[in-house]
Amino acid sequence: MRSLAPAGLPLVLFALGCAGSGDAVREPAAATPAAAAEAAPARGPALSFSYETLDGRELSTASLAGRFSVIGFVATYDVASQAEARFLAGLLRDHTPRINAALLVLEASENRPLVEAFAATLKLPYPVALADAPTIAGEGPFAGLHHVPSVVILDAEGREAFRHVGLITQEALEEVLRGLEREGARPAR
């Protein structure tokens, strides 16, 4: 009896390719960074937060005031979080001193050695802090944000100007920042 595998293999591969599994991670056109920045609701009051960074400093509303601040929410076990951390490093490199960048790791404090290794391996040029339990649970100043990777951009007064759940590239973040500047949310100089 002859095997049907060689003849049927192209059909199976074609069916799998057309299944659209990649569509689950794509955003609809309306959810592009530019559209989201343009459709951003009126900003509320400044957020109030404070986290200790790995080097013992403070990552807070006050430490980020005066510039746009791009905060990445990541986890050490997530490859997309590693990519996001690198995108933020490139963004900071290309836009210092115009912006601040920071990383908030959504992991429990007992994972600190792992977080330190994550930051050292990626050679991150910005503050890295561990989130507290309410932030990890999606509560607190960044309510509803407990997915990784995610990014929040704060304006110069510490108000949330943009939020994106999922991986977002450096180029897309640059587009969002340009849009925020155009709408008149320029940081104080």
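Glu116 is partly exposed, with a relative accessible area of 36%, and Arg112 falls in the same class at 26% (buried means under 20% relative accessible area, exposed over 50%, partly exposed in between, with a 1.4 Å probe and protein chains only). The side chains of Glu116 and Arg112 meet in a salt bridge, 3.0 Å from N to O (a side-chain nitrogen of Lys or Arg within 4 Å of a carboxyl oxygen of Asp or Glu). Both residues lie in helix 5, 4 residues apart, about one turn of the helix. An α-helix has 3.6 residues a turn, so residues three or four places apart point the same way.

A word on the source is useful here: this is a predicted model, in which local features need pLDDT of at least 70 and side-chain atom pairs count only at pLDDT 80 or more, while totals for chains, interfaces and linings use all residues. Residues are numbered from 1 along each chain as its sequence is written, and side-chain values use heavy atoms, with hydrogens and water left out.

The chain has 7 helices and 7 strands (DSSP runs numbered from the N terminus, helices being H or I with at least four residues and strands E with at least two). From the N terminus on, their order is α-α-β-β-α-β-α-β-α-β-α-β-β-α. Of the 189 residues, 41% count as buried.

Helix 5 (residues 112–122) shows two sides. Its buried residues are Val115, Phe118, Ala119 and Leu122. These cover an arc of only 90 degrees around the axis, which puts them on the same side of helix 5 (the arc is that of the directions from the helix axis to the C-beta atoms). Pro113, Ala120 and Thr121, on the other side, are exposed. The buried residues pack against strand 3 (68–74), helix 4 (79–95), strand 4 (99–105) and strand 5 (128–130). After helix 5 comes Lys123, with a positive phi near 50 degrees.

What does Val128 contact beyond its neighbours within four places in sequence? Its partners are Thr53, Leu54, Leu103, Val105, Val115 and Ala119 (contact means heavy atoms within 4.5 Å). Val128 is also among the residues with the most contacts inside the largest nonpolar core, which has 31 residues (a set of buried Ala, Val, Leu, Ile, Met, Phe, Trp, Tyr and Cys residues joined through side-chain atoms within 4.5 Å). Elements giving two or more residues to this core include helix 5, strand 6 (150–154) and helix 7 (170–182). A second, separate core of 16 residues includes Tyr51, Phe73, Leu106 and Ala131.

Aromatic rings add a further set of links, with 3 aromatic pairs in the structure (rings of Phe, Tyr and Trp, the last by its six-membered ring, with centres within 6.5 Å; planes under 30 degrees apart count as stacked, over 60 as edge-to-face and the rest as tilted). The ring centres of Phe49 and Phe142 are 5.2 Å apart and the planes stand at 50 degrees, so this pair is tilted. Both Phe49 and Phe142 are buried. For Phe73 and Phe142, the centres are 5.0 Å apart and the planes at 70 degrees, so this pair is edge-to-face. It links Phe73 in strand 3 with Phe142 in the loop between helix 6 and strand 6, 69 residues apart. Phe49, Tyr51, Phe73 and Phe142 form one aromatic cluster.

The whole structure holds 7 salt bridges. One of them joins Glu160 and Arg163 at 2.8 Å, N to O, and Asp155, Glu157 and Arg159 are joined into one network by salt bridges that share partners.
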